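User: Hello! I am new to this structure and would like to be walked through it. Could you show it first?

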Amino acid sequence: MGSDAGHTSVLLAETLELLAVRPGGLWVDGTVGLGGHAAAILRASAPDGRLLGLDRDGETLERARERLAEFAGRVRLEQADYREIPQRLGDARADGILLDLGISSAQLDDPERGFSFQAEGPLDMRMDRSRGESAEEVVNRTRERELADLIFAYGEEHASRRIARAIVYERERERIRSTTRLAEIVRRAAPRSRRPGLHPATRTFQALRIRVNRELDGLGEALERAAGCLVPGGRLAVIAFHSLEDRAVKLAFRSLAARGFCALTKKPLRPGEEETRSNPRARSACLRALAREEAVA
Ligand SMILES: C[S@@+](CC[C@H](N)C(=O)[O-])C[C@H]1O[C@@H](n2cnc3c(N)ncnc32)[C@H](O)[C@@H]1O
């Protein structure tokens, strides 16, 4: 298992197998996070495989730097968006590229980051805290109609109109600044989630996170450009965590299949019971992979 300091990498063995990691080569982890997948790739590609690791979150990247210190000389870490993989690679071509989308457990568990409705914290939710609008700004500034639309589109939340109305009512009384206040407003507006066991604020928080980080913007195009950076026979593996993300991956893969790439997973690979039991956050993971066809001689 890819476990380190309480952090578990999702679908680790399956990812390494689909990427066909072997000694040597150049590997890209576009969402390096705490470096769990990256460490496993570096181990499997020893003694001379190299890895370029990107993450848009500078704080996370520093932790990855410590964790991956033992591979110094074979790893390069840069604070960047995975949408920049082609620029970061320059003329080089990769043997395998991994994207493990979404947020890491470290981000979710740190109340200061504002991703979790379960702990009191500022409504931030930016993966890169050095730029962009925070969730607090989105929640307090966005017009009611637009707020409802984004909660519906990105959270697939059917009570989006009621929730948006409650947010606007409450923010007129006092600016909404904390995660727990927002969660409480949502809970009062729509106390029952459609899925049993799901906290009423789950979908609204997901929607805001996607909006704040523009997580779905240009995802399909980014995958197509990343695939274009593979050597013949090179592999691209993507782990998505919600249906909107997985749909974008599926469509991009379908379009690539018509242009010299072949799918390695007909259906997305899902974690088994054992993995879901030991790491409940893995339960919604969907892994898809494709390979660039070998050049015809
Ligand atoms: C699920 S975690 C990755 C965990 C990692 N595979 C591991 O084993 O430790 C996702 C990471 O992707 C980063 N991320 C999300 N969107 C990104 C983007 N557009 N560009 C670069 N990094 C991104 C997040 O900051 C987070 O650290």
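User: What distance should helix H8 span, and how far apart are its end C-alpha atoms?

Analyst: Happy to help! This is a predicted model, where local features need pLDDT of at least 70, side-chain atom pairs count only at pLDDT 80 or more, and totals for chains, interfaces and linings use all residues. Residues are numbered from 1 along each chain as its sequence is written, and side-chain values use heavy atoms, with hydrogens and water left out. Helices (H or I, at least four residues) and strands (E, at least two) are DSSP runs numbered from the N terminus, and the expected span of a helix is 1.5 Å times one less than its number of residues. H8 holds 14 residues, 160-173, so it should span 20 Å, and this agrees with its end C-alpha atoms, which are 20 Å apart.

User: Which helices help to cover the buried residues of H8?

Analyst: Buried means under 20% relative accessible area, exposed over 50%, and partly exposed in between, with a 1.4 Å probe and protein chains only. In H8 the buried residues include Ile 163, Ala 164, Ile 167 and Val 168, as well as Glu 170 and Arg 171. Counting contact as heavy atoms within 4.5 Å, the cover includes helices H6 (135-141), H7 (144-155), H9 (179-189) and H10 (202-213).

User: Which strands stand at the edges of the open sheet?

Analyst: Two strands pair if DSSP finds at least two bridges between them. The open sheet has 7 strands with mixed pairing, in the order E5-E4-E3-E6-E7-E9-E8. Each edge strand has a single partner, so one side of it is left without a neighbour in the sheet; these are E5 (75-79) and E8 (261-263).

User: What angle does helix H3 make with E5?

Analyst: Axes are lines fitted to C-alpha atoms, for helices over the stretch in contact, and angles run from 0 to 180 degrees between N-to-C directions. H3 (residues 58-67) packs on the sheet and touches E4 (50-55) and E5. The direction of H3 makes an angle with that of E5 of about 165°.

User: Which residue of E9 stands opposite both Leu 236 and Ala 263?

Analyst: E9 (residues 286-292) pairs with E7 (residues 230-240) in the antiparallel sense over 6 bridges, and with E8, also antiparallel, over 3 bridges. E9 is mostly covered, with 6 of its 7 residues buried. On the E7 side Leu 236 faces it, and on the E8 side Ala 263 does; the residue is Leu 290.

User: Where is Pro 47 found?

Analyst: The peptide bond leading from Ala 46 to Pro 47 is cis, with omega near 10°. Pro 47 is found in the loop between helix H2 (36-44) and E4.

User: Is Met 125 buried or exposed?

Analyst: Met 125 is in the loop between helix H5 (105-109) and H6. Its phi is positive, about 70°, although it is not a glycine. With 0% relative accessibility, Met 125 counts as buried.

User: What is the relative accessible area of Arg 214?

Analyst: Arg 214 has its place in the loop between H10 and helix H11 (219-227). Arg 214 has a positive phi of about 50° although it is not a glycine. Arg 214 is partly exposed, with a relative accessible area of 41%.
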